[in-house]
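Let's take a walk through this protein chain together. Have the sequence and the 3D view open, and follow along.

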Amino acid sequence: MKILFVVARVLLGVLFVFSGLVKLNDPSGFSIKLDEYFDVFSQAWGAIGFFHFLKSISLGMSMGFCALEVILGLAILLGWNFKITLPVTGGLILFFTFLTFYSAYYHKVTDCGCFGDFLKLKPWHSFYKDLALMAIFLVLWKFKNYNRPFFSIPFGNRTMILLSSLTLTFGMYCYYFLPVWDFLPYKEGNDIQKIMTHIPEGQRATDSFDILWVMQKGNDSVKVKTAQYADYAAKGWQYKNRINQLVIEGYKSPIHDFSIYNPITSVDMKSTFLESKGYQLVAVIPYVEKANNQVLKDINALFSIVKKEYGDIKVEKQSDVSQAFAFYALTASSMQSFQSKQKELGLLSMDFYLSDQKMLLTMARYNPTIYLFHGAMIEKKWSGLWLPDLEEISEILQKEQNKIRS
């Protein structure tokens, strides 16, 4: 039984550390997932004010949950204070089991975010994973008397304080300065146009449906396929409704909501952006009103410096220019919000364009995030707190030009 205990301890500890780390690597991503749950719960159970409050602190909750998962995994591996560690671990597993069951049964949130963007699990698979974790936990609980801590109590306490501090520091770093491991579709080196148009071998481009016809005669109703429709109609059954039954789900690109609109002219800029041959410096600012004013000023200054060095080609005319710079500030905020910020802070070098909110939140794990594109290829991205200077951008362009010449 001692061997079974050790196996359960290692399995649960390693899974908790791994799962927590991949989420803590992107705390903004998990907070978005929590917001989805809060929206669903507010619709199902009411108490809109309460869930609105939870949404306002979802980033802190994300950081807390993910860090706690890592810390508990480390504590289990070290055998530290099982009187506290095991009950908290069991509670956390129950909490996530409820979330994954709710997602699977009601089909409300189709990805629980258990492993962040590193690994996408279908709802029922996530639920089964949590059931397996619960089974491992129960083994650990039943044979907890076999536990022998690696360290003495005083040294173990100091070790856990240090590890907890490092865990929280890692999460804070990943929030302010972007994920250490980038699993997002908008990562450096990705050509977003190719991602949007690529269909993997063996996948369908569209969903495949069977049509079911709901027929009624008197108080009776029946669902029939198209081949049976005429026979039932001849027997007096009347058409009542039509149901499209999904048979094979088509491939859904990880980038399927890309959009850019000029709020002044109402021109769709998507094709212009994706078909560009030149360089594009993009400030992704999901919420202008929530962005730090000094960071916005710094971005405006960066745009101004790059414009003076390389020139400013108007985006509407930029798609056929091979060596030029275009500048975008993308936001989901209202026109009134960004015009107000422009006037208040003097953001004269920033032209704002409207984009899909979910797309922007995927692109900008910190509000704002800066991207350097060459055409539709992502060359580099930076947190708004760690902006590049002209020299760094020039070095990237020079390396790119050297690659082209060679």
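Among the contacts in the chain with a separation of 6 or more, 73% are between residues 24 or more positions apart. Keep in mind that you're looking at a predicted model. The chain has 406 residues, and 45% of them are buried. Its C-alpha trace spans about 85 × 70 × 50 Å along the principal axes. The accessible surface adds up to about 21600 Å², with 58% of that belonging to carbon and sulfur atoms. As for the building blocks, you'll find 14 helices and 8 strands.

Let's begin with a pair of helices. Helix 2 covers residues 27-45 and helix 3 covers residues 48-56, and they pack at an angle of about 175 degrees, with 9 Å between their axes. An angle over 145 degrees counts as roughly antiparallel, so that's the label for helix 2 against helix 3. Who does the touching? On the helix 2 side there are D35, F38, D39, F41, S42 and W45, and they meet I48, F51, L54 and K55 in helix 3. Sorted by class, this contact has 6 nonpolar, 1 polar and 3 charged residues.

Moving along the chain, stop at the loop between helix 4 (58-78) and helix 5 (82-106), where N81 sits. Most residues other than glycine have a negative phi. N81 isn't a glycine, yet its phi is positive, at about 40 degrees. Is N81 buried or exposed? Neither label quite fits: its relative accessibility is 31%, so N81 counts as partly exposed.

Next up is helix 7, residues 153-177, which is home to L168. L168 has a relative accessible area of 40%, which makes it partly exposed. If you want a sense of distance, compare L168 with Y37: they are 131 residues apart along the chain, and their C-alpha atoms are separated by 24 Å. Now look at the loop between helix 7 and helix 8 (192-197), where you'll find L178. L178 also has a positive phi, about 75 degrees, without being a glycine. What is the relative accessible area of L178? The value is 8%, and being under 20% counts as buried, so L178 is buried.

Time for some strands. Strand 1 (residues 208-217) and strand 2 (residues 220-225) pair in the antiparallel sense, with 6 bridges between them. Within this pair, V214 stands opposite K223 in strand 2. The two strands make a hairpin with 2 residues between them, and G218 in the turn has a positive phi of about 65 degrees.

Further on there's an open sheet of 5 strands, with mixed pairing, in the order 6-5-4-7-8. Which strands stand at the edges? They're strand 6 (352-354) and strand 8 (377-383); each has a single partner strand, so one side of each has no neighbour in the sheet. On average, neighbouring strands here are turned by 30 degrees against each other, direction ignored. Inside this order, strand 4 (residues 279-284) and strand 7 (residues 369-374) pair in the antiparallel sense over 6 bridges. To spot the pairing, look for Y279, which stands opposite H374 in strand 7.

Before leaving strand 7, check the loop between helix 13 (357-363) and strand 7, where P368 lies. Most peptide bonds are trans. The one from N367 to P368, though, is cis, with omega near 5 degrees.

Our last stop is another helix pair. Helix 11 (residues 293-310) and helix 12 (residues 335-345) have axes 11 Å apart and pack at an angle of about 80 degrees. Angles of 65 to 115 degrees count as roughly perpendicular, and that is therefore how helix 11 and helix 12 stand to each other. N293, L296 and K297 in helix 11 meet K341, E344 and L345 in helix 12. By class, that contact has 2 nonpolar, 1 polar and 3 charged residues.

Note on methods:
Residues numbered from 1 in each chain as written. Predicted model: local features only at pLDDT ≥ 70, side-chain atom pairs only at ≥ 80, totals over all residues. Heavy atoms only, no water. Axes fitted to C-alpha atoms, helices over the stretch in contact; angles between N-to-C directions. Helix = DSSP H or I, 4+ residues; strand = E, 2+ residues; numbered from the N terminus. Parallel < 35°, antiparallel > 145°, perpendicular 65-115°, else oblique. Contact = heavy atoms within 4.5 Å. Nonpolar A, V, L, I, M, F, W, Y, C, P; charged D, E, K, R; others polar. Pairing = 2+ DSSP bridges. Buried < 20%, exposed > 50% of the residue type's maximum accessible area, 1.4 Å probe, protein only. Areas by Shrake-Rupley, 256 points an atom, 1.4 Å probe, with all protein chains shown as cover.
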